[in-house]
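Welcome! Here is a short briefing to read alongside the sequence and the 3D view. Take it one topic at a time, and find each residue on screen as you go.

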Amino acid sequence: MTALLEARGLRLAFGGVRAADGIDLDVMQGEFLAIIGPNGAGKTTFINMATGYLRPQAGSIAYEGRPITGLSPRAIVRRGIARSFQLPQLFTEHTVLENAALAVAAREGIWSPLAPLLRPRWREEAAALLGSFGLAALADIRADALNEGARKLADIAMAVALRPRLLLMDEPTSGVAAAEKMGIVETLVRVLREARVTAVFVEHDMEVVERFADRVAVWSQGRIAALGPPARVLADPAVQREVIGIEKAGAPPVPAAGEGGHA
Amino acid sequence: MRRAEPLLALAAAAAMVVAALAAPWLKFVLTIALAKGMAALGIMLLLRAGQVSFGHALYVSFGAYTVAFLAPTLRDSLLLLPVAAAMATALGLVVGLFVSRYRQIFFGMLNLALSMVFFSLLEKLYHITHGTDGIRVALPTMLGQALERTSFEWAIFGVALALALLFGWFARAYLDAPMGQALAGIKTRETRLEFMGVPARHVLLSAYVLSALMAGCGGAIIAMTTRHVTPLLAYWTASGELVFIAILGGAGGVIGPFLGAVTYELVRVYAAAILAEAWQAILGTVLLLVILFAPGGLWGMLAALFRRRRAA
Ligand SMILES: Nc1ncnc2c1ncn2[C@@H]1O[C@H](COP(=O)(O)OP(=O)(O)O)[C@@H](O)[C@H]1O
Ligand SMILES: [Mg+2]
């Protein structure tokens, strides 16, 4: 297995807050890597740096062996990295179908001034995509009329429509109703596996992490506190105490860094 | 309503021809209205991106002065028009490369500022532009034919009508196409465009250049119709007038700006004749009412009526 994304020594501070305080991480080709950790640990900041929204103050990021540090979001998308957002970023005055079709158009070529966006081929692809996310019934609703869960899914669908090789998802299941969550994640995972997409996802639901992640990275105060297979990492008392919030009385403190696998 | 647009546009065009036949002075008013409608259509494209240009009189006047300067040498209106269009487009590209970096109030004010710079150049460079006196435009030929005045006015009216239909058709397709839909995406979620690999600035730039082209053509038609250009064409009130027309007509469909322009010109002519100084107060009140009660403009009101009748 080779590393698709290599982050080395990423640092970024906002005033006194160290949102990234020396992040080293290899995302391996084809894996599903979950990121867990408390709010404010710097999970979103990592995704923002990897997708060009924020520029690290130190460190480097390489994708497929080539440096991408400091490139614009646009340039990074063109290399094959897409992302979805913790707060869904939809075109609120467009319908859900148009949102998805715009993503298809972004991939296929936006610069056509006369043929309609909803040309048959793109409309079909967009509709099929929405179907696989369980959004078919909402296709003709304006995006700002969706509930939070559906907005989240539409947001991910738009990232998937770009056909990335690496997809970074920021809390894909937050806001999705608990009853639907597992079904949706299963579909998402199937879609991504079929398309051989490598995925990194920030997740708060440990059941999702256990079932779908190949590895899990534990974020804590801008650092990676633990990294490895979910079964081992989630069983770690320190991780449970600090991150998941399950206090195990009397558990000995475990050194934070240097845990497991690929750090 | 959308499906009915082409038919409605053709019907409106026919109605305008009839009106111009019935009352010859209307021909002049309607030609000017069509010219301003084109410019307002360009404003409307930018409105779709959530951007308001308070400086598009720059392109109208640039097109108009291009005609005035070149009329003695090029002579033919069907040469002057494309040359003026090309000049305005080129200026739109140069200015657009700069202003497309800005949004909202900065976008609006930069456009205003640039148009005011051009206004003062037109005023101050007397030996070139004849200052506030302006430049008279000799009667151009049409397809090499020297026409007498009335025939020429008919010809220019026809050209304006054809161009309005062409721009309307194009803008309608454009707004439905990926470029136009991405343009509307600038208004709601510009960052998403960037994260889809789409350069939002270029999307806005292409609409901007298109709007400059339309305004430039409008200016060329105004110059050939009034046959006299003055710096007032570039004054900020002229830019404001275009925004007024676009909002009055409504940004919901490509007929809106033309509806707004015809209404505006007719109210202006009638009200000015009857009420002299009060016509601006009337227009102001109308705009206020539109903004408060019919944000979709006249076109939005028509569309709503249409829907209700079909539902009934
Ligand atoms: N653009 C920003 N400006 C200032 N502070 C920020 C910014 N982005 C993140 N932060 C801060 O950095 C820390 C990490 O934030 P974030 O990466 O969003 O955490 P997480 O996603 O793990 O909840 C937080 O303290 C947050 O307030
Ligand atoms: Mg976050």
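Let's begin with a helix end: just after α9(B), Arg227(B) takes a positive phi of about 55 degrees. Please keep in mind that the model is predicted. The points below start with chain B, move on to the ligand and the metal ion in chain A, and finish with a helix and a loop of chain A.

**Helix α9 of chain B and what follows**

- Helix α9 of chain B covers residues 200-226, which makes 27 residues.
- From the first C-alpha of α9(B) to the last, the reach is 39 Å, close to the 39 Å expected at 1.5 Å a residue.
- Is α9(B) mostly covered or mostly uncovered? It is mostly covered, with 22 of its 27 residues buried.
- Arg227(B) belongs to the loop between α9 and β2 (228-229) of chain B.
- The phi of Arg227(B) is a positive value in a residue other than glycine. Most residues other than glycine have a negative phi.
- Arg227(B) counts as partly exposed because its relative accessibility is 21%, and buried means under 20%.

**Two more residues of chain B**

- Gln104(B) is not a glycine, yet it too has a positive phi, of about 55 degrees.
- You can find Gln104(B) in helix α5 of chain B, which covers residues 104-124.
- Thr129(B) sits in helix α6 (residues 126-129) of chain B.
- Why does Thr129(B) count as buried? Its relative accessibility is 4%, and the cut-off for buried is under 20%.
- The side chain of Thr129(B) reaches the backbone oxygen of Leu122(B), at 2.4 Å.

**Around ligand 1 in chain A**

- Which residues surround ligand 1? They are Phe14(A), Val17(A), Ala19(A), Pro38(A), Asn39(A), Gly40(A), Ala41(A), Gly42(A), Lys43(A), Thr44(A) and Thr45(A).
- Sorted by character, the residues of this shell are five nonpolar, five polar and one charged.
- Both β2 (17-28) and α1 (43-50) of chain A supply at least two residues of the shell.
- The largest share of the shell, three residues, comes from α1(A).
- The backbone takes part in the polar contacts: a polar backbone atom of Gly40(A) is 2.7 Å from an oxygen atom of ligand 1, and a polar backbone atom of Gly42(A) is 3.0 Å from an oxygen atom of the ligand.
- A side chain takes part as well: an N or O atom in the side chain of Thr44(A) is 2.7 Å from an oxygen atom of ligand 1.
- On its own, ligand 1 has 550 Å² of accessible area, and the protein covers 61% of that.

**The magnesium ion**

- Which residues coordinate the magnesium ion (ligand 2)? Thr44(A), through OG1, and Gln86(A), through OE1, do so at 2.0 to 2.2 Å.
- This pair links distant parts of the chain, as Thr44(A) and Gln86(A) are 42 residues apart.
- Thr44(A) is in helix α1 of chain A, while Gln86(A) is in the loop between β6 (81-84) and α3 (96-108) of chain A.
- Thr44(A) is partly exposed, with a relative accessible area of 26%.
- Gln86(A) is partly exposed too, with a relative accessible area of 31%.

**Helix α5 of chain A**

- The 14 residues of α5(A) should span 20 Å at 1.5 Å a residue, and its end C-alpha atoms are indeed 20 Å apart.
- How many residues of α5(A) are buried? The count is 12 of its 14 residues, so the helix is described as mostly covered.
- Among the buried residues of α5(A) are Gly149(A), Lys152(A), Asp155(A) and Met158(A).
- Ala154(A) lies in this helix, which covers residues 148-161.
- Ala154(A) is buried, with a relative accessible area of 5%.
- Between Ala154(A) and Val218(A) there are 27 Å in space, C-alpha to C-alpha, and the two are 64 residues apart in sequence.

**A loop residue of chain A**

- Where is Thr69(A)? Its place is in the loop between β5 (66-67) and α2 (73-79) of chain A.
- Thr69(A) is partly exposed, with a relative accessible area of 29%.
- Thr69(A) and Arg55(A) are 14 residues apart along the chain, and 7.2 Å separates their C-alpha atoms.

Methods:
Residues are numbered from 1 along each chain as its sequence is written. Chains are lettered from A and ligands numbered from 1 in the order in which they are written. This is a predicted model: local features need pLDDT of at least 70, side-chain atom pairs count only at pLDDT 80 or more; totals for chains, interfaces and linings use all residues. Side-chain values use heavy atoms; hydrogens and water are left out. Helices (H or I, at least four residues) and strands (E, at least two) are DSSP runs, numbered from the N terminus. The expected span of a helix is 1.5 Å times one less than its number of residues. Buried means under 20% relative accessible area, exposed over 50%, partly exposed in between (1.4 Å probe, protein chains only). A residue is near a molecule or strand if one of its heavy atoms lies within 4 Å of it. A polar contact is a pair of N or O atoms within 3.5 Å; within protein, one must be able to donate a hydrogen and the other to accept it, and residues adjacent in sequence count only if both atoms are side-chain atoms. Accessible areas come from the Shrake-Rupley method with a 1.4 Å probe; for residues, only the protein chains shown count as cover. Ala, Val, Leu, Ile, Met, Phe, Trp, Tyr, Cys and Pro count as nonpolar, Asp, Glu, Lys and Arg as charged, and the others, Gly among them, as polar. Donors are N, O and S atoms within 2.8 Å of the metal (3.2 Å for Na, K and Ca); water is not among the atoms, so sites may look incomplete.
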